[in-house]
Amino acid sequence: MSSFTDTPEGFRSGFVSFVGRPNTGKSTLTNALVGEKIAITANQPETTRHPIRGIVHRPEAQVIVVDTPGLHKPRTLLGERLNEIVKDTYADVDLIGFTVPADEKIGPGDRWILENLRTVAPKTPILGIVTKLDKASKDQVGAQLLALHELLGGDAEVVPVSAADGTQIDVLLNVITSLLPEGPKFYPDDHVTDEDTEKRISELIREAALSGLKDELPHSVAVEVDEILPNPENPKRLDIHAIIYLEREGQKSIIMGKDNRRMGRIIHNARQEIIRLLGHNVFLDLRIKVLKNWQSDPKSLGRLGF
Ligand SMILES: Nc1nc2c(ncn2[C@@H]2O[C@H](COP(=O)(O)OP(=O)(O)OP(=O)(O)O)[C@@H](O)[C@H]2O)c(=O)[nH]1
């Protein structure tokens, strides 16, 4: 009998996590490797809030990419909880990909993360990844490869990639595969993530809501899907009821925009992405609620699943 656990001789498998400063392109890289959007990305630091597993299937290997929120100096209870989860994840994976963008100098932030990594996962192999290749000149990329090699030391491999245009993604995948142990398939061939659909939908809404936001406001946004129901009149349509949580009354008007126009754009953009995900027409009913200072309140954090 054939099952997904049948694998050819020499099959490799394992878990890899990308670690690096905020905004270095970890989530974009995860999506590029999986070939589907499973992690949301935004042009603001600290977008990722929980570990997401993306599964890459190859004839000779199964690579599970664990996209984590990233280590940072915690400012809130949410920050502290995220750091704990992240440390547990790093201690558990088979390989760590340390990300540094091609167009930014390596600095104290990178060293801080590396020191923490060496403490929580002293034995895990580290692979250097220079991201955003498309944003730097050849000389810059060359210098960054050397600098990263020097930072990681020893015989660490270093690979340059651009997740934006797909350059070197297959090379990276080959190197990752070569560094994983021989092992079984952990997931069936048709799984691209272990995220449930509701969570993926709420993340797509959060991504749309974050677009263009500045300063501290992105951290205040959380999204929860309340209900997904078949439309009673139109069986080809799903009605999705979701809530955007904010921390203060004053934040509402920023999210909604003048004459509710920004909110209209959030619904429009999120809906497009949800339709792409589900392959199904949807109606998105999106409301805003204030959950005072939820990032620092244990009860609210629990309610939002942190
Ligand atoms: N030009 C270019 N931009 C990229 C590339 N990869 C990511 N970006 C952009 O960089 C920004 C941050 O990307 P993310 O993938 O969200 O970064 P991250 O490291 O996961 O960020 P956090 O979740 O905040 O830690 C986004 O605006 C991306 O579009 C790339 O290869 N080239």
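This section describes the fold of a predicted model, from the whole chain down to single residues.

The chain contains ten helices and nine strands. Its radius of gyration is 20 Å. The globule rule gives 19 Å for 306 residues, so the chain is as compact as a globular protein of that length. Along the principal axes, the C-alpha atoms occupy a box of roughly 60 × 55 × 40 Å. Buried residues make up 33% of the 306 in the chain. Contacts were also sorted by sequence separation. Among those with a separation of 6 or more, 68% join residues 24 or more positions apart.

The strands of one sheet come from the earlier part of the numbering. This open sheet has six strands, in the order E2-E3-E1-E4-E5-E6. Its pairing is mixed. Strand E2 (52-58) and strand E6 (158-160) form the edges, and each pairs on one side only. From one strand to the next, the twist averages 25 degrees. Within this sheet, E4 and strand E5 (residues 126-131) run parallel and are joined by six bridges. Ile96 stands opposite Ile126 of E5.

Helices pack on this sheet. H2 lies across three strands: E1, strand E3 (61-67) and E4. The angle between H2 and E1 is about 140 degrees. H4 lies across E4, E5 and E6. H4 runs at about 155 degrees to E5.

Helix H3 (residues 108-120) was examined in more detail. At 1.5 Å a residue, its 13 residues should span 18 Å. The C-alpha atoms at its ends are 19 Å apart, which agrees with that expectation. Three residues of H3 are buried: Asp110, Ile113 and Leu117. Seen down the helix axis, the buried residues fall within an arc of 65 degrees, so they line one face of H3. The other side of H3 carries the exposed residues Pro108, Arg111, Glu115, Arg118 and Thr119. Several elements contribute to the cover over the buried residues. They include strand E1 (12-20) and helix H2 (77-92), together with strand E4 (95-101) and helix H4 (138-152). Of these, H2 lies across E1 and E4, while H4 lies across E4. The buried residues of H3 are thus covered in part by strands of the six-stranded sheet and by helices that lie across that sheet.

A further open sheet has three strands, in the order E7-E8-E9, again with mixed pairing. Strand E7 (222-230) and strand E9 (281-290) are its edge strands, each pairing on one side only. Neighbouring strands here are turned by 20 degrees against each other on average, direction ignored.

Both pairings of this sheet can be traced to individual residues. E7 and strand E8 (residues 237-246) are antiparallel and share eight bridges. A hairpin of six residues joins E7 to E8. Ala222 stands opposite Tyr245 in E8. Leu229 has Asp239 of E8 as its bridge partner. E8 and E9, by contrast, run parallel and are joined by ten bridges. Here the bridge partner of Leu238 is Val282 in E9.

Two helices lie across strands of the three-stranded sheet. Helix H6 (residues 197-210) lies across E7, E8 and E9. H6 runs at about 125 degrees to E7. Helix H9 (residues 261-278) lies across E8 and E9. The angle between H9 and E9 is about 135 degrees.

One residue outside these elements was also considered. Asp6 is placed in the segment before E1. Asp6 has 10 C-beta neighbours inside 10 Å and therefore counts as exposed, the limit for that class being 12 or fewer. Asp6 and Pro101 are 95 residues apart in sequence. Their C-alpha atoms lie 38 Å apart in space.

Technical notes
Residues numbered from 1 in each chain as written. Predicted model: local features only at pLDDT ≥ 70, side-chain atom pairs only at ≥ 80, totals over all residues. Pairing = 2+ DSSP bridges. Helix = DSSP H or I, 4+ residues; strand = E, 2+ residues; numbered from the N terminus. Axes fitted to C-alpha atoms, helices over the stretch in contact; angles between N-to-C directions. Contact = placed C-beta atoms within 7 Å. Expected span 1.5 Å × (residues − 1). Buried ≥ 20, exposed ≤ 12 C-beta atoms within 10 Å, placed from the backbone. Arc of directions from axis to C-beta. Rg over C-alpha atoms; globule rule 2.2 N^0.38 Å.
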